[in-house]
Amino acid sequence: MSFIGFELIAKRAWTVLPGHTFSMSVLWNKKIPSSIGRDIYHETGLILPDKRIAATGRIHHLSENTINHYEPLQTAPCKLICRPDFLLDDLKIELLAQKKGIMEPFHQTAVLFLWSEENNLLSKTELHLDPQSIERNPPDQYFIDLSFLLGKI
């Protein structure tokens with residue numbers, strides 16, 4: 001049995017404001033409900049480069065009670081989900097991100113980490129975002145096509 005998860009990682013500093021919410025899910029021919037992840041920021045902060053902005057498979061609130069002020073701001077790691085056993089036609093990530101407060105296209109300021117586990121061996125692959133693979137549905141929905149990974153994961 002194998003598992004995967006995804007994380008959106010800042011490559012430049014990101015400012016977040018109270019109310020900013022990011023949601024990520026895996027679409028393998030259809031949306032996989034166990035992959036839905038949501039990150040809700042209740043405090044103003046700065047996400048430094050190489051820190052998590054959002055991830056799949058869990059819900060995380062960042063507030064005064066959950067933030068360690070002695071460490072850089074970042075959300076919780078992704079929760080790995082079981083890969084479907086059936087043949088896949090396409091693989092996409094759905095990202096819901098409020099445009100308010102995001103000054104630059106996220107493909108220029110973030111990368112995706114693909115986490116995969118096979119036979120208890122965990123691996124991480126950094127995926128740079130190609131603007132050609134991102135489909136935007138205004139106002140705040142994005143589909144990131146990762147079909148090129150099929151057969152490799």
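**Note on the predicted model: strands β1 and β3 and the nonpolar core**

1. Ser-2 makes contact with Ile-81, Cys-82, Arg-83, Glu-117 and Glu-118, leaving out residues up to four places away in sequence. The model under review is a predicted one. Ser-2 belongs to strand β1, and because its relative accessibility is 13%, below the 20% cut-off, Ser-2 counts as buried.

2. Strand β1 spans residues 2–10 and is among the elements that give two or more residues to the largest nonpolar core. That core has 33 residues, and those with the most contacts inside it are Phe-6, Ile-53, Leu-112 and Leu-146. Besides β1, the elements giving two or more residues to this core are β2 (14–16), β3 (21–28), β7 (52–55), β10 (91–97), β11 (110–118) and β14 (141–145). As a general tendency, nonpolar side chains in soluble globular proteins are buried together.

3. Phe-6 deserves separate mention. Not counting residues up to four places away in sequence, Phe-6 touches Met-24, Val-26, Ala-55, Thr-56, Cys-78, Ile-93, Phe-113, Leu-114, Leu-127 and Leu-146. One of these partners, Leu-146, is itself listed with Phe-6 among the residues with the most contacts inside the core.

4. Strand β3 is largely enclosed by the rest of the structure, because seven of its eight residues are buried. Its pairing with β10 is antiparallel and comprises seven bridges; within that pairing, Val-26 has Ile-93 in β10 as its bridge partner. Four bridges join β3 to strand β5 (residues 37–41), again in an antiparallel arrangement, and here Thr-21 is partnered by Ile-40 of β5.

5. Strand β3 is also joined by two bridges to strand β4 (residues 30–31), and these two strands run antiparallel. Leu-27 has Lys-31 of β4 as its bridge partner. The hairpin of β3 and β4 has one residue between the strands, and in this hairpin Asn-29 takes a positive phi near 65 degrees.

6. Val-26 lies in strand β3. Its relative accessibility is 1%, under the 20% limit, so Val-26 counts as buried. Apart from neighbours within four places in sequence, Val-26 is in contact with Phe-6, Lys-31, Ile-32, Ser-35, Thr-56, Ile-81, Leu-91, Lys-92 and Ile-93. The C-alpha atoms of Val-26 and Glu-94 are separated by 6.4 Å, although these residues are 68 residues apart along the chain.

Definitions and conventions:
Residues numbered from 1 in each chain as written. Predicted model: local features only at pLDDT ≥ 70, side-chain atom pairs only at ≥ 80, totals over all residues. Heavy atoms only, no water. Core = buried A, V, L, I, M, F, W, Y, C linked by side-chain atoms within 4.5 Å. Buried < 20%, exposed > 50% of the residue type's maximum accessible area, 1.4 Å probe, protein only. Contact = heavy atoms within 4.5 Å. Pairing = 2+ DSSP bridges.
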